[in-house]
Amino acid sequence: MIDDNLTHIHAAITQAALQAKRNPADIKLVAVSKQVDIEEIRRAIACGQTLFGENYLQEAAGKIPHCQGATSWHFIGHLQSNKVAQAAKLFDVVETVDRLKIAISLDKQAKLLDKNLSIFVQINVGGEKQKSGIPYEDAENLLRQIRQETDLPVLGLMTIPPFSHDPEQSRPYYRALRDLARRLADRQLFHDNTNVELSMGMSGDFPVAIEEGSTIIRVGTALFGARPLKETSQ
Ligand SMILES: *Cc1c(COP(=O)(O)O)cnc(C)c1O
């Protein structure tokens with residue numbers, strides 16, 4: 001089943017990329033494995049999937065050490081400051097940085113661990129109170145501060161748009177994130193300003209996100225099936 005799902009997702013990635021005159025190889029698939037057990041993750045690894053995303057630290061700590069062959073783990077949940085050490089230990093990329101304080105302590109932990117940790121800054125594109133992330137207008141300031149006060153490479157921006165069953169509803173938010181990333185890259189605020197990553201697009205809307213410039217899609221349900229209903233909003 002995972003095999004078929006992966007095949008379908010890769011076909012959809014290719015189709016959306018070609019539609020947008022982009023190279024399908026420029027789009028990375030993060031398999032979101034929250035609430036997915038170790039056996040399923042291992043099946044995905046056996047099918048060639050190497051990049052995974054997790055939302056909850058405690059859950060991830062019980063799984064990551066048992067998933068040989070996964071080459072990169074992205075943290076995509078809300079990060080509390082008292083959990084930063086654990087996040088730095090378990091993950092290669094933290095996609096959800098939205099405060100200077102978190103960036104500074106991630107940097108400190110990465111140095112203690114002698115580990116190459118990279119980050120994304122999360123933007124709350126819909127201005128939703130229950131979601132993490134910073135408003136568009138605060139992004140430049142936060143990126144400048146992170147650059148001044150840490151050595152963490154900021155790879156790009158990440159977002160979760162307001163929920164909708166209609167993928168077209170996500171398009172303006174994804175377009176706005178891409179435009180923001182361009183402006184910030186013009187000001188040289190990323191680690192690699194000619195190659196800024198955009199983590200946007202989930203099971204319900206990733207083709208639209210790819211058309212709007214996504215370089216990383218985070219897909220759970222379309223790969224592993226529906227999760228038990230136990231979601232906290234991020
Ligand atoms: C759960 C989650 C996803 C995956 O969502 P699906 O709709 O299952 O693909 C992607 N990004 C974040 C931040 C998530 O929490």
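This report covers the overall fold, the second largest pocket and two buried residues of a predicted model.

Local features need pLDDT of at least 70, side-chain atom pairs count only at pLDDT 80 or more, and totals for chains, interfaces and linings use all residues. Residues are numbered from 1 along each chain as its sequence is written, and side-chain values use heavy atoms, without hydrogens and water.

**Overall fold**

The protein chain holds 9 helices and 8 strands. These are DSSP runs numbered from the N terminus (helices H or I, at least four residues; strands E, at least two). The C-alpha atoms fill a box of roughly 45 × 40 × 30 Å along the principal axes. The radius of gyration is 17 Å, which agrees with the value near 17 Å for a compact globule of 234 residues. That radius is taken over C-alpha atoms, and the globule rule is 2.2 Å times the number of residues to the power 0.38.

Of the 234 residues, 51% count as buried (under 20% relative accessible area, 1.4 Å probe, protein chains only). The accessible surface comes to about 11,300 Å², and 49% of this belongs to carbon and sulfur atoms. Areas come from the Shrake-Rupley method with a 1.4 Å probe. Among contacts (heavy atoms within 4.5 Å) between residues at least 6 apart in sequence, 60% join residues at least 24 apart.

**Second largest pocket**

A pocket is an open set of points on a 1 Å grid over the protein atoms alone, where a 1.4 Å probe fits, with protein on both sides within 12 Å along at least five of seven lines. The second largest one has about 310 Å³ of space. Its lining has 15 residues; closest to the centre are Asn-195, Val-196, Leu-198, Gly-213 and Thr-215. Lining residues have an atom within 4 Å of a point. Helix H7 (171-186) and strand S7 (197-199) each supply at least two lining residues. H7 gives the largest share, 4 residues. By class, the lining divides into 4 nonpolar, 5 polar and 6 charged residues. Gly counts as polar here, and Asp, Glu, Lys and Arg as charged.

**Two buried residues**

Ser-72 is found in strand S3 (residues 72-75). Asn-124 lies in the loop between strand S5 (118-123) and helix H6 (139-149). The table leaves aside neighbours within four places in sequence.

| Residue | Relative accessibility | Contacts |
|---|---|---|
| Ser-72 | 15%, buried | Thr-50, Leu-51, Phe-52, Asp-92 |
| Asn-124 | 10%, buried | Lys-131, Ser-132, Gly-133, Ile-134 |

Terms used
Points joined across faces, edges and corners; volume = space filled by probe spheres on them. Buried < 20%, exposed > 50% of the residue type's maximum accessible area, 1.4 Å probe, protein only.
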